Amino acid sequence: MDYPVWYVPFVTAPMLIPAVAIPHVIVAQFAVGGGFLLADLVRRAYGTGNEALLACLRRLARFFVLLTLVFGAVTGVGIWWTIGLTSPETTSALIHTFVFGWASEWVAFLVELAAAFAFYALWDRLPPRQHVAVGWVYAIAAWVSLVLITGITAFMLTSGSWTPQRGFFTAFFNPSFVPQVLLRSGGSLALAALGIGLFVSLQALATAHKDLLIGWISRWALLGMGLLLAGGVWYLLVMPEHATLNLLRAPMLLIMLLLNLAVTLAVIVALAVGHAAGSAWLTPPSAFFLVLAGIVAITTGEFIREGARKPYRIENYILAPGVRVAEVPQFHEQGFIARTPWLRAYLQARLPGFDPARLAALPAPQQETVGEGIFRYHCASCHALWGYNGMVPLVLPWTPELVAHATQHLHLTNPAMPPWLGNEAERQALTAYLVQLGRRGR
Ligand code: HEC
């Protein structure tokens with residue numbers, strides 16, 4: 001482990017990622033789907049020659065550009081900061097594996113930004129055909145950036161037959177790539193349709209105009225839900241076994257999965273009923289609840305993807321504490337502290353003259369100090385002391401023998417955990433620390 005850990009009490013550092021990433025994904029998916037809808041709605045509105053409709057869509061475009069570009073760009077940069085600080089090894093591996101993927105993604109994003117600005121700023125100045133064409137450029141550039149990012153995030157869950165020697169394309173076209181592209185494309189269209197539906201429901205427009213708009217929008221919504229269902233089922237089928245087992249084993253993830261399915265079904269039923277009933281049913285409150293349902297579906301979906309990956313950050317390649325699978329034997333031979341320079345520095349600052357080779361000879365309180373350091377580097381990416389996956393409540397009712405057994409058989413105790421990565425003296429120091437935690441917790 002070549003980097004220091006960022007120790008975050010109560011929530012653990014990796015849980016900061018969803019706090020930034022989920023709002024980003026929601027807005028980014030809205031931006032992608034919204035591109036297709038805007039281009040299509042504007043094309044149809046030009047066809048009717050109706051000024052009131054066009055004026056309404058222009059207001060929508062303004063809101064859309066502000067929300068997606070400003071919020072999307074700020075949270076996108078925020079994700080880089082958060083993953084760089086919380087998972088430096090994984091971030092570095094992703095940058096190295098996908099250099100040209102990232103570069104292409106930034107180009108696509110630049111095209112997306114320019115087209116979005118042009119679409120709004122040149123509203124009255126471009127002839128209709130060209131104006132709509134700019135809208136499609138925006139939509140396609142935004143979708144390309146979704147596809148590029150999806151290849152990379154899907155790789156973390158299913159690395160497939162990739163090895164460091166095999167390079168970019170094997171990594172990118174991994175087993176869950178196509179299902180996740182379908183899922184996210186469908187999700188984007190559905191979410192954008194629901195969001196634009198809410199916008200339309202709040203506008204003072206003649207009923208006939210609203211009926212027209214809602215009719216156009218709900219076709220996109222149904223297409224989106226169809227893609228989403230197909231992608232979702234395929235995605236669950238290609239999930240690696242360890243990930244599926246995580247879903248069944250962890251009550252929170254299972255609840256999220258069921259919630260996700262329930263919300264998806266509810267939206268489909270609402271859309272199908274609504275499609276038949278015209279725009280009258282789409283009052284601001286019902287539209288608001290549909291958007292909320294879309295947000296719940298995306299949030300639970302992201303948690304499932306993140307939670308199912310344990311014990312890996314990148315399947316079969318990097319384990320959650322930031323250790324490469326190929327390095328595990330060296331960790332066993334040389335010891336965890338010897339392979340983790342920042343932990344050594346942390347311990348030497350707290351125990352002057354500390355020498356990992358003489359750990360077993362240290363008195364009990366100092367061993368516990370070492371155990372605390374090991375906990376921070378080996379366990380704290382998934383366990384807070386109190387709070388998220390809290391260690392104290394877990395070991396509180398346990399006997400010292402049971403704690404010792406768990407540290408010895410870490411990945412057998414719960415396969416969401418990595419194997420134990422240190423030597424015997426380190427394991428005993430960690431056990432002493434955990435036993436003492438349990439005692440103090442009582
Ligand atoms: C990749 C994430 C991850 C890492 C790293 C990790 N754990 Fe866990 N651990 C989990 C999960 C998930 C559970 C299940 C929690 C639950 O059942 O509520 C768990 C459960 C446990 C339990 C309770 C087991 C049981 O069956 O009730 C103990 C004890 C434990 N972990 C100790 C550790 C120790 C010690 C370390 C560091 C050496 C560690 N864990 C590292 C994810 C992790």
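The following legends describe close-up views of a predicted model.

**Figure 1. Overall architecture of the predicted model.** The protein contains 18 helices and 3 strands. Along the principal axes, its C-alpha atoms occupy a box of roughly 85 × 40 × 35 Å. Of the 442 residues, 51% are buried. Among contacts with a separation of 6 or more, 75% involve residues 24 or more positions apart. The chain is divided into domain 1, spanning residues 13-319, and domain 2, spanning residues 333-441. In the whole structure, 12 salt bridges are present.

**Figure 2. The interface between domain 1 and domain 2.** The centres of the two domains, taken over C-alpha atoms, are separated by 41 Å. Domain 1 contributes 8 residues to the contact, and domain 2 contributes 11 residues. About 750 Å² is buried between domain 1 and domain 2, with 63% of this area on carbon and sulfur atoms. On the side of domain 1, the greatest losses of area to domain 2 fall on R249, K310 and P311, which together account for 53% of what that side buries. The count of salt bridges between domain 1 and domain 2 is 0, and 1 residue pair is in polar contact across the interface. The side of domain 1 that touches domain 2 comprises 4 nonpolar, 1 polar and 3 charged residues.

**Figure 3. The cis peptide bond between K310 and P311.** K310 and P311 are joined by a cis peptide bond, with omega about 5 degrees. P311 is located in the loop between α11 and β1, the latter covering residues 312-314. Both K310 and P311 also appear at the domain interface, where they are among the residues of domain 1 that lose the most area to domain 2.

**Figure 4. A salt-bridge network that includes helix α11.** R184, E302, R305, E306 and R309 are linked in a network of salt bridges. Side chains of opposite charge can pair when their charged atoms come close. Within the network, E302 and R305 form a salt bridge whose closest N and O atoms are 3.0 Å apart. Because E302 and R305 are 3 residues apart in helix α11 (residues 284-308), about one helical turn separates them. E302 is buried at 10% relative accessibility, and R305 is likewise buried, with a relative accessible area of 6%. A further salt bridge joins the side chains of E306 and R309, at 2.4 Å from N to O. In this pair E306 is partly exposed, at 26% relative accessibility, whereas R309 is buried, with a relative accessible area of 7%.

**Figure 5. The surroundings of S188 in helix α7.** S188 belongs to helix α7, which covers residues 177-201. With a relative accessible area of 1%, S188 is buried. Its side chain reaches the backbone oxygen of R184 at 2.7 Å. R184 is also a member of the salt-bridge network shown in Figure 4. When residues up to four places away in sequence are not counted, S188 touches Q29, V32, G33 and L146.

**Figure 6. A salt bridge between helices α13 and α14.** The side chains of E372 and R350 meet in a salt bridge, with an N to O distance of 2.9 Å. This pair links distant parts of the chain, 22 residues apart: E372 lies in helix α14 (residues 364-379) and R350 in helix α13 (residues 341-350). E372 counts as buried at 14% relative accessibility, whereas R350 is partly exposed, with a relative accessible area of 44%.

**Figure 7. Positive phi values at F10 and T12.** F10 is a residue other than glycine, yet its phi is positive, near 70 degrees. F10 is found in the segment before α1, a helix that covers residues 16-48. T12, also not a glycine, has a positive phi of about 70 degrees and lies in the segment before α1. The two residues are contrasted by their accessibility: F10 is exposed, with a relative accessible area of 55%, whereas T12 counts as buried at 1% relative accessibility.

Notes:
Residues numbered from 1 in each chain as written. Predicted model: local features only at pLDDT ≥ 70, side-chain atom pairs only at ≥ 80, totals over all residues. Heavy atoms only, no water. Domains from an automatic or database assignment. Contact = heavy atoms within 4.5 Å. Buried area = accessible area lost by both parts, 1.4 Å probe. Polar contact = N/O pair within 3.5 Å; in protein donor to acceptor, adjacent residues only side chain to side chain. Nonpolar A, V, L, I, M, F, W, Y, C, P; charged D, E, K, R; others polar. Helix = DSSP H or I, 4+ residues; strand = E, 2+ residues; numbered from the N terminus. Buried < 20%, exposed > 50% of the residue type's maximum accessible area, 1.4 Å probe, protein only.
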